[in-house]
Every structure is written in C-alpha cells, then in structure tokens.
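Work through the exercises below with the sequence and the model at hand. Each task is followed by a solution in steps.

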Amino acid sequence: DSTERGERERRELRKRRLRAALERLARAIQAAPNEVEARYRRASLLFDMDEFALATADLEAARRIDPHSDWAERIEFRLAFAYTKLGRFEEALTAYDEHLRLAMSPAERALGYGNAAELLMNLDRIAESIESYRLSLREDPSFVLSEWGLAVALERDDRLAESRESVRRAI
C-alpha cells in the first residue's frame, strides 16, 4: 500500500512539474510567437503526456514559422510519429520522407527508414516496407529492430528463406 501511494505521489509530482513547464513555455511562446525552439520543446512535453493532437499543432506551427530551422529534422520526425498516433498515415509518411531528407547521421536515417517501414507494413504495403527496412539496414547494419522488421515483412510476402536469414542476422 505504501509503495502504491509512493508511486501515486511520484506521478502527481511529475504531472505538476510538466504543467509548470508547459506554463513557462506558453509564456515564452506568447512573448516570442515565432520562436521555433519553444514550440518544439512544448510539443516534446505534450508528447510525454500522450497529447499528440496538441503536440502536432505546435510542431506544424514551428514548421510553418521556419521550415529550415535547426530544429527541422527533429520536428519532422516527431510529426511523423504524432501523425501515426493520430491515424494520419499518409501525412506520417510524408513527414518521414522530409525527416530523411534532413537527417545527417546514419543512425537518424536508419531510425527514420525503420519507422517508415513499420508504418508501410501496417498499411499492407509490403514491397515498400521491405525496401525501407533494407534502406535502414544500409544506413546502420547493426540496427536489430529493422532486421527483425525485415524478417516479418519478408515472411508476410511469403519469402520464407529470406525471412529466416534475416532472423539469423538479428540474433
């Protein structure tokens, strides 16, 4: 019972801190409405609270304010994830494409391709999913999640031998 109470108190403290941070960011945005970083940071907090529609509004505003900001790649990645959570799948794929255009590191590109591949598989666009998983692995051959995803996509495409080989590489 005391463990449960302690956990409840920790959750309440976290909620209060998040609300206070959101209030500070709201004031910052009110004072400087064209500040991309403040909108991105508020969207990140909203993400943590599973408030994807509100986060999306901030991210879309940040994108409109300066589509070439230093935050653009991160904005597109977060937007893709939020659009997916909201069931806006085509918009998610477009945001992943933009994220991939902007991403500088192989790890960022591998993650973007891997996430897009998972979305494509869920949309039953298996051939595109397989290609996206392969692009992910080309960026980062050690990205195990993409190797597992590729194995599943290949299995769904009745390419069982290739799927088994992908499983072997994953383990």
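**Exercise 1. Two loop aspartates**

Is aspartate 158 buried or exposed? Place the residue in the fold, then treat aspartate 50 likewise.

Solution. The model is predicted, so local features need pLDDT of at least 70 and side-chain atom pairs count only at pLDDT 80 or more, whereas totals for chains, interfaces and linings use all residues. Residues are numbered from 1 along each chain as its sequence is written, and side-chain values use heavy atoms, with hydrogens and water left out.

Step 1. Aspartate 158 has a relative accessible area of 67% and is therefore exposed. The cut-offs are under 20% relative accessible area for buried, over 50% for exposed and in between for partly exposed, with a 1.4 Å probe and protein chains only.

Step 2. The loop between helix H8 (144-156) and helix H9 (160-170) holds aspartate 158. Helices are DSSP runs of H or I with at least four residues, strands are runs of E with at least two, and both are numbered from the N terminus.

Step 3. Although aspartate 158 is not a glycine, its phi is positive, at about 60 degrees.

Step 4. Aspartate 50 sits in the loop between H2 and H3. Its phi is also positive, about 60 degrees, and it is not a glycine. With a relative accessibility of 56%, aspartate 50 counts as exposed.

**Exercise 2. Overall fold**

State how many helices and strands the protein has, and give the extent of its C-alpha trace.

Solution. Step 1. The protein has nine helices and zero strands. Along the sequence this reads α-α-α-α-α-α-α-α-α.

Step 2. Along the principal axes, the C-alpha trace spans about 55 × 50 × 25 Å.

Step 3. The protein has 171 residues, of which 42% count as buried.

**Exercise 3. Nonpolar core**

Which residues have the most contacts inside the largest nonpolar core?

Solution. Step 1. A nonpolar core is a set of buried Ala, Val, Leu, Ile, Met, Phe, Trp, Tyr and Cys residues joined through side-chain atoms within 4.5 Å. The largest one has 30 residues, and those with the most contacts inside it are Leu45, Phe47, Leu59, Ile75, Leu79 and Tyr96.

Step 2. The elements that give two or more residues to this core are helix H1 (2-31), H2, helix H3 (52-65), H4, H5 and H6. H2 gives the most, seven residues.

**Exercise 4. Aromatic contacts around phenylalanine 47**

Describe the geometry of the pair formed by phenylalanine 47 and phenylalanine 81.

Solution. Step 1. Rings of Phe, Tyr and Trp (its six-membered ring) pair if their centres lie within 6.5 Å; planes under 30 degrees apart count as stacked, over 60 as edge-to-face and the rest as tilted. The count by this rule is five aromatic pairs.

Step 2. The rings of phenylalanine 47 and phenylalanine 81 are 5.8 Å apart, centre to centre, with 35 degrees between the planes, and the pair is tilted. Phenylalanine 47 is in helix H2 (residues 36-48) and phenylalanine 81 in helix H4 (residues 72-85), so the pair ties together parts that are 34 residues apart in sequence.

Step 3. Phenylalanine 47 is buried at 9% relative accessible area, whereas phenylalanine 81 is partly exposed at 33%.

Step 4. Phe47, Phe52 and Phe81 form one aromatic cluster.

Step 5. A charge sits over a ring if NZ of Lys or CZ of Arg is within 6 Å of the ring centre and within 35 degrees of the ring normal. Arginine 78 lies over the face of phenylalanine 47, 4.7 Å from the ring centre. The charged end of arginine 74 sits over the ring of tryptophan 71, at 4.1 Å from its centre.

**Exercise 5. Largest pocket**

Which element gives the largest share of the lining of the largest pocket?

Solution. Step 1. On a 1 Å grid over the protein atoms alone, a pocket is an open set of points where a 1.4 Å probe fits, with protein on both sides within 12 Å along at least five of seven lines; lining residues have an atom within 4 Å of a point.

Step 2. The volume of the largest pocket is about 160 Å³, taken as the space filled by probe spheres set on the points, which are joined across faces, edges and corners.

Step 3. Residues of the lining include Leu93, Tyr113, Leu120, Arg125 and Glu128. Helix H5 (89-102), helix H6 (106-122) and helix H7 (126-139) each give two or more residues to it. The largest share, four residues, comes from H7.

Step 4. Leucine 120 is found in helix H6 and is buried at 7% relative accessibility.
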